[in-house]
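Colleague: I would like to learn how to read a model of this kind, feature by feature. Could we take one feature at a time?

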Amino acid sequence: MTVNTAKTSNVNIRKIAMTGVLAAIATVLMFLHFQLPFMPSFISLDFSELPALIAAFTLGPVSGVAVCFVKNLVLLSQTITGGVGELSNFIIGSAFVVPAGLIYRHHRNYGGAIVGSVVGALLMAVLGFFSNLFIIYPIYTNVMPMEAIMGMYQAINPSVQELWQALLIFNLPFTFCKGLISAIITILVYKKLEPVINGKVV
């Protein structure tokens, strides 16, 4: 009984430690973002969901969400969006890793990883559309007027007249593709990293 308790305690400590390591990597990756010419300047590409997805696959969806939370909590101290960008990133990041981690938990093979990743990327894009439309952008207007936000979209595509159109044309496909890129990289490496992260390397 004592031996089992000790083993469980060691597993939990390692899980927390590895979650912290992956959160640190995610934070660094979030700093390494870059602009894309076909997106407004307040939207940038980074690969910080990659460690979160690896955490969800190897340690479970709770660890994936924890990675998303920690990286945004750290970046909150340097926010230029009043915390709105970090809130949005946490919402869509969690929407990505939770279904992916849950599906993989029940189908621990490449097929489960692929299906989970695609479902997660799709949910991230759809939830991102609605959360941006009804929560994030209305809050963000306290930092930047809606006219200025729409002006940045219209500078790229003048035909965009409403916020939902901008989100549908720009944000939704961008978020989905961003999720797919992280998913592809994760699927290529997670099997090699899983035994390392879980301490099963002999």
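The dialogue below goes through a helix, some buried side chains, a surface patch and the salt bridges.

Modeller: One caution before the features: this is a predicted model.

Colleague: How many residues does α7 have, and what does it span between its end C-alpha atoms?

Modeller: The idea is to set the end-to-end span of a helix against that of a straight one. With 35 residues, a straight helix would span 51 Å at 1.5 Å a residue. Between its end C-alpha atoms, α7 spans only 42 Å.

Colleague: Where is the kink in α7 centred?

Modeller: The kink is centred on Tyr190 and amounts to about 55°.

Colleague: Staying with this helix, is Thr175 buried or exposed?

Modeller: Relative accessibility is compared with a cut-off, and buried means under 20%. Thr175 has 11% relative accessibility, so it counts as buried. Thr175 belongs to α7, which covers residues 163-197. Apart from neighbours within four places in sequence, the contacts of Thr175 are Ile92, Met124 and Ala125.

Colleague: Which helix holds Tyr140, and what is Tyr140 in contact with beyond its sequence neighbours?

Modeller: Tyr140 is in helix α5, residues 110-140. Tyr140 is buried, because its relative accessible area is 9%. If neighbours within four places in sequence are left aside, Tyr140 contacts Phe42, Thr81, Val84 and Ile149. For a C-alpha distance, take Tyr140 and Met39: they are 101 residues apart along the chain, and their C-alpha atoms are separated by 17 Å.

Colleague: Now the surface. Which residues make the nonpolar surface patch?

Modeller: For a patch, one asks for its members, its area and the elements that supply it. Here Leu87, Leu122, Val126, Phe130, Phe134, Ile135 and Ile139 make a nonpolar patch of about 620 Å². Helix α5 contributes the largest share, six residues. Phe134, in α5, can stand as an example from the patch. Exposed means over 50%, and Phe134 is exposed because its relative accessible area is 58%.

Colleague: How many salt bridges does a search of the whole structure find?

Modeller: Four. For each pair, look at the N to O distance, the elements joined and the burial of both partners.

Colleague: Which parts of the chain does the pair Lys178 and Asp46 link?

Modeller: The side chains of Lys178 and Asp46 form a salt bridge at 3.6 Å, N to O. Lys178 is in helix α7 and Asp46 in the loop between β2 (44-45) and α2 (49-58), so the pair links distant parts of the chain, 132 residues apart. Both partners, Lys178 and Asp46, are buried. Lys178 also has a salt bridge with Glu49, where the closest N and O atoms are 3.4 Å apart. Because Glu49 lies in α2 and Lys178 in α7, this pair ties together parts 129 residues apart in sequence. The relative accessibility is 1% for Glu49, which counts as buried, and 7% for Lys178.

Colleague: What is the N to O distance between Arg108 and Glu194?

Modeller: The salt bridge between these side chains, Arg108 and Glu194, has an N to O distance of 2.5 Å. Arg108 is in the loop between α4 (84-106) and α5, whereas Glu194 is in helix α7, 86 residues apart. The partners are Arg108, partly exposed at 44% relative accessible area, and Glu194, buried at 10%.

Colleague: Which residues do salt bridges with shared partners join into one network?

Modeller: Asp46, Glu49, Lys71 and Lys178 are joined into one network in this way.

Conventions: Residues numbered from 1 in each chain as written. Predicted model: local features only at pLDDT ≥ 70, side-chain atom pairs only at ≥ 80, totals over all residues. Heavy atoms only, no water. Helix = DSSP H or I, 4+ residues; strand = E, 2+ residues; numbered from the N terminus. Buried < 20%, exposed > 50% of the residue type's maximum accessible area, 1.4 Å probe, protein only. Contact = heavy atoms within 4.5 Å. Expected span 1.5 Å × (residues − 1). Bend = angle between axes of the 7 residues up to and from the residue. Patch = residues over 30% accessible without salt bridge, like charges linked within 9 Å, V, L, I, M, F, W, Y side chains within 5 Å. Areas by Shrake-Rupley, 256 points an atom, 1.4 Å probe, with all protein chains shown as cover.
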